[in-house]
Amino acid sequence: MTHSTSRIFIPLPTMILVINLFCFLPISYSAAMQNEQNSSGSDGISIYQIAPDRRGGKAYKLVYLVEVQMDVFWGFKTDFDNNFLVENKYIQEHHFIARNGNEVITEDKYTNGPDVVFRWQTTVFPQAKRLDFVLLNPEQCRQKFHYGYIQLKSVPEGTQVTQVAYFDFLGSSLWANYPWGGGMKDFLSYTAHWEQKTILNLKNRYHDKNFK
């Protein structure tokens, strides 16, 4: 979650386009995309397809570096009541709803998803520097389920972020293997790049700030 988890949604028109495009791909190329398990770049971002939930669907692991200390980035990730998330091109609206102990409820609308509000529950583990998230209204959002976690780790370069998510919706397999703009790789790469840049602009705000 870009306090925040990267969320995975695909609108119906885009899904139809994806299906049509895959119908015309050579069989050998389509099979190769299905077998591709990871993608790594020189920008500190790695994306892996991992074993899905036992119920089906797809899953990913996103690993990237941010050039700030872990406590600074933790302050950024746990600032749930913010107005900077809508600067992400995929996030249309973001609202902080409630906090009860270490559980936080937020709601979001997305530019690349159905015109509904996605209600997320995030459980915060300050000592472990971990966030667990789950979509509370998956049926309304045309998904079967969507959940995962974000784990921070201090490294010499700054902070290593590992985000894992499990999800299932109509067209999720095609979207996860779509090799061009709008697919999972493009979506996750954009989100990681956006956080890398945004935290550098906001790092003074979160210096020595802890979640309470």
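Is R119 buried, exposed or partly exposed? In this predicted model, R119 has a relative accessibility of 31%, which lies between the 20% and 50% cut-offs, and therefore counts as partly exposed. This residue makes a convenient way into the structure, beginning with its charged partner.

R119 forms a salt bridge with E107, and the closest N and O atoms of the two side chains are 2.5 Å apart. The pair joins distant parts of the chain, since E107 lies in strand β5 (residues 103-110) and R119 in strand β6, 12 residues apart. E107 has a relative accessible area of 17% and is therefore buried, whereas R119 is partly exposed. A second salt bridge brings together the side chains of K109 and D115, with an N to O distance of 2.6 Å. Here, too, the partners differ in their surroundings: K109 is buried, with a relative accessible area of 15%, while D115 is exposed, at 62%. In total, 6 salt bridges are counted in the model.

Another of these pairs leads to the helices. The side chains of K77 and E195 meet in a salt bridge, at 2.9 Å from N to O. K77 belongs to helix α3 and E195 to helix α5, and 118 residues separate them along the chain. What is the accessibility of the two partners? K77 has a relative accessibility of 0% and so counts as buried. E195, at 1%, counts as buried as well. Side chains of opposite charge can pair when their charged atoms come close.

The helices that carry this pair also pack against each other. Two packed helices are described by the angle between their axes and the distance between the axes. For helix α3 (residues 70-77) and α5, the angle is about 105° and the axes are 11 Å apart. With an angle in the range of 65 to 115 degrees, α3 and α5 are therefore roughly perpendicular to each other. On the α3 side, the contact involves V72, F73, F76 and K77; on the α5 side, the residues are W194, E195, T198, I199 and L202. By type, the residues of this contact divide into 6 nonpolar, 1 polar and 2 charged.

How many residues of α3 are buried? The helix is mostly covered, with 7 of its 8 residues buried. These are M70, V72, F73, W74, G75, F76 and K77. Besides α5, the buried residues of α3 pack against five strands named here in order: β3 (58-66), β6 (118-125), β7 (130-135), β8 (143-155) and β9 (158-169).

Within α3, F73 offers a closer view of this packing. Leaving aside neighbours within four places in sequence, F73 is in contact with Y64, V66, V68, L152, T159, V161, E195 and I199. F73 is also part of the largest nonpolar core, which has 43 residues. Y64, F73, F76, M184 and I199 are the residues with the most contacts inside this core. The largest share of the core, 7 residues, comes from helix α5 (residues 184-202). In soluble globular proteins, nonpolar side chains tend to be buried together.

A last stop is helix α4 (residues 172-177), where S173 is found. S173 has a relative accessibility of 31% and so counts as partly exposed. The C-alpha atoms of S173 and G56 are separated by 9.9 Å, although the two residues are 117 places apart along the chain.

Definitions and conventions:
Residues numbered from 1 in each chain as written. Predicted model: local features only at pLDDT ≥ 70, side-chain atom pairs only at ≥ 80, totals over all residues. Heavy atoms only, no water. Core = buried A, V, L, I, M, F, W, Y, C linked by side-chain atoms within 4.5 Å. Buried < 20%, exposed > 50% of the residue type's maximum accessible area, 1.4 Å probe, protein only. Helix = DSSP H or I, 4+ residues; strand = E, 2+ residues; numbered from the N terminus. Contact = heavy atoms within 4.5 Å. Axes fitted to C-alpha atoms, helices over the stretch in contact; angles between N-to-C directions. Parallel < 35°, antiparallel > 145°, perpendicular 65-115°, else oblique. Nonpolar A, V, L, I, M, F, W, Y, C, P; charged D, E, K, R; others polar. Salt bridge = Lys/Arg side-chain N within 4 Å of Asp/Glu carboxyl O.
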